[in-house]
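I opened the model to take notes on its sheets, its helix packing and a few backbone oddities. The entries follow in the order I looked things up.

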Amino acid sequence: IAGGGIARRADAYDVPGQRIDGNDAIAVFETVRRAALRARSGEGPTLIEAITYRWGDHSMRANLPSYRTGQEEEDWRGQDPIVRLRDVVLEQGELNEEDFVSLQDAATNEIESAIAWAQTLPEPELETARSFVTLPFLDATSPEPDAGTRKLSYTAAITEAMHLEMQADENVIILGEDIAKTGGIFGLTRGLLEAFGPERIRDTPIAESVTASCGVGAAMSGLRPIIEVQLFDFVTFMMDAIVNQAAKARYMMGGDLKVPVVFRGPQGGGLRLAAQHCQSLEALFANVPGLEIYAPASPYDAKGVMAAAIRSDNPVVFLEHKLLYLGGEEPVPELPYVVQPGRARVVREGADCTVIATMAMVERAMQAAKRLDRKGISVEVIDPRTIKPLDTETMIKSVQKTHRAVVVHEAPLFGGIAGEIASVITEEAFDWLDAPVKRIGAPEMPVPYNERLERQYLPDAERIEQAVLSVCYR
C-alpha cells in the first residue's frame, strides 16, 4: 500500500493512527473502544484503518465478468469475521455449537419475518413518497415587518441574521475556511467567534467535501449547521454531500429525518476573479429534489431570508452575490424576522412589462425601468427572493396585468432558471401574453478575466432595456 496505508496519515495531524484486521471482530471492538474512551476523555480523535473485503462484485449483474480471481475470493472467505468469531467463542467455551446454531436460526427467522411482513404491505402511492422529500416551513404565516429607518449593508444584514439565530438556538453552528479568527474573507462571520466561541464557530481545513459531509452529518444529528463556501465555485467539491446525501436523506429514510443545513457563500461576476471564481451555479441545484435555493438581493431580504434558511428543516443552498457585498446600506429592522420562502417581492410596480430578475440583476432591472420611464414605458420589477420554492403566482398575476415578460439572470442562458420561469408563464398565462417571453442571460462561455470582456459578458441595464422594448414594440 502506497505510503504505508491510510493510518499513516494520522501523523500529519498529530493523532494516533492504527491499522487493524477489519475481519477480526474482537480486534475491531477493542480498538474502537479504546479510541472512544480516548475521545470522551478529551484527548482527541484516532484514525483507524480496518482492512476488510467486499464479498460480492461491485455490480450485482450476473452477466458481467468477475474482475477477481476465484483463489482471491476463496482466501478472503476463509477470513469471514462471523466464522472467526464463532471459532473463538466455541474455543473459549462461551457458546457451544448448539447455542450458536440457535442464535443463527433466531437471526434468520427475524429477517424472514420482517420480509414477510413487508410483503403484506400495500405499494406506496406517489404522493405519499413525495411528502417525504421536504418539510413545510413552520413560520409560513409570519408577516414581514416594516423596514424602519435603521440601515445595514447586505453583508451586515446576513451577519446579524446569523448572530440572532445563534443567540436564539444553541444548535446553530458555523463551519468553514477562515471563518473564526479571520471572520471570513468577505467578513460575514466577523465577531461571531468572540460572541459564541470556537465550539460553534469552527475553522475547517481546505477540504470542502469533508466540511460539507460534516455539516450533513451534524444536521442529521440534531444540529443546524451553516457551511460557508468561501467562493461558491468551490461548492463543486461538495456536490456529493449536497446532492446525494443532504437532498435525499429525508426521502430515503421515509420522512423520519430532518437535514437542516445551510450551504452559503458568494457567487457571480463583476470583481474580475476569473472563470473559476465568478460562476453563477443556481441551476445546478434547481434540478435536485430535496434542495431549496435562496437568493436575496437586498439587505432587508438578506436578513429575513437567511433567518428562514437557518430555521428551515430542509437543506438550503443560500446564494450571495459578490456585487451585493459592495452595495450601500438600506433600512433593515433590528428585531429578528423571516421572509417566507416562496414569496416574491414586487420591487417596483408597473403596467407595461414585467421584468423578473435575480440577485445582482434586480438593481440592473431597476436601472432599466427608470430609463424606460423616460420613454413612457412602465416596468414592473419582481425579485423571486427564493428560486426554489419559486413564487410563480406573483409572476403570473403581474403578467396578467402587463401582458409582457422579460426574465433576466446572470448565469449562461442555456439551461438557466429563466427558462423555467418563462415556461411557467407561457403555460399559465399564455392567453394574457401579447408577446413571447424574453430571456436574458450570459453567453455560453466562462466568465472572462479581462475587465472589458467581463462587462460585456454580464447582463446590464441596456440589454434589459432593449429586451423590454423588443416585447413592447412587436
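**Entry 1. The S8–S14 pairing.** I began with strand S8, residues 292–294, and its link to S14. Two bridges join them, and the strands run antiparallel. I looked for the residue opposite Ile293 and found Lys388 in S14. I keep in mind that this is a predicted model.

I followed Lys388 one step along the chain. The peptide bond from Lys388 to Pro389 is cis, with omega near 5°. Pro389 lies in the loop that runs between S14 and helix H14 (392–402). So my notes have Lys388 twice: as the residue across from Ile293, and as the residue before the cis bond.

**Entry 2. The seven-stranded sheet.** Next I traced the sheet around this pair. I read an open sheet of seven strands, ordered S5-S4-S6-S7-S9-S8-S14, with mixed pairing. Which strands stand at the edges? They are strand S5 (201–203) and strand S14 (386–388). Each has a single partner strand, so one side of each is left without a neighbour in the sheet. I also checked the turn between neighbouring strands, which averages 20° with direction ignored.

Then I asked which strands helix H11 touches as it packs on this sheet. I noted S4 (172–176), S6 (224–228), S7 (262–267), S8, S9 (316–321) and S14. The direction of H11 makes about 160° with that of S9.

**Entry 3. H6 against H11.** H11 also has a helix partner, and I looked at that next. Helix H6 (residues 154–168) packs with helix H11 (residues 299–311) at an angle of about 30°, and the axes are 8 Å apart. That angle makes H6 roughly parallel to H11. I logged the crossing of the two helices as right-handed.

I listed the residues that meet. From H6 I have Tyr154, Ala157, Ile158, Glu160, Ala161, Met162, Leu164 and Glu165. From H11 I have Pro299, Ala302, Lys303, Met306, Ala307, Ile310 and Arg311. How do these residues divide by type? I get 11 nonpolar, four charged and no polar.

**Entry 4. The five-stranded sheet.** I moved on to another open sheet, this one of five strands. Its order is S11-S13-S12-S15-S16, and the pairing is mixed. The edges are strand S11 (345–348) and strand S16 (438–442). Each of these has a single partner strand, so one side of each is left without a neighbour in the sheet. The twist averages 25° from one strand to the next.

I took one pairing inside the sheet for a closer look. Strand S12 (residues 353–357) and strand S13 (residues 379–383) run parallel, joined by four bridges. I picked Val355 and found its bridge partner in S13 to be Val381.

A helix packs on this sheet too. It is H17 (residues 461–472), which touches S12, S13, strand S15 (405–412) and S16. I put its direction at about 160° to that of S16.

**Entry 5. Positive phi.** I searched for positive phi in residues other than glycine. Met359 came up, with phi near 50°. It is found in the loop between S12 and helix H13 (361–373). Is Met359 buried or exposed? Its relative accessible area is 4%, so Met359 is buried.

Asp14 came up as well, with phi near 55°. Asp14 is found in the segment before strand S1 (17–21). At a relative accessible area of 70%, Asp14 is exposed.

**Entry 6. Gly56.** I also looked up a glycine. Gly56 is found in the loop between strand S2 (47–51) and helix H2 (70–77). Its relative accessibility is 35%, so Gly56 counts as partly exposed. I checked its separation from Glu73. The two are 17 residues apart in sequence, and their C-alpha atoms are 9.2 Å apart in space.

**Entry 7. Whole chain.** Last, I collected the totals. I have 17 helices and 16 strands for the chain. The C-alpha atoms fill a box of roughly 95 × 55 × 45 Å along the principal axes. Of the 474 residues, 43% count as buried. I then took the contacts between residues at least 6 apart in sequence, and 79% of them join residues at least 24 apart.

Notes. Residues are numbered from 1 along each chain as its sequence is written. This is a predicted model: local features need pLDDT of at least 70, side-chain atom pairs count only at pLDDT 80 or more; totals for chains, interfaces and linings use all residues. Side-chain values use heavy atoms; hydrogens and water are left out. Axes are lines fitted to C-alpha atoms, for helices over the stretch in contact, and angles run from 0 to 180 degrees between N-to-C directions. Angles under 35 degrees count as roughly parallel, over 145 as roughly antiparallel, 65 to 115 as roughly perpendicular and the rest as oblique. A crossing is left-handed if the near helix is turned anticlockwise from the far one by less than a right angle, and right-handed if clockwise. Contact means heavy atoms within 4.5 Å. Ala, Val, Leu, Ile, Met, Phe, Trp, Tyr, Cys and Pro count as nonpolar, Asp, Glu, Lys and Arg as charged, and the others, Gly among them, as polar. Buried means under 20% relative accessible area, exposed over 50%, partly exposed in between (1.4 Å probe, protein chains only). Two strands pair if DSSP finds at least two bridges between them.
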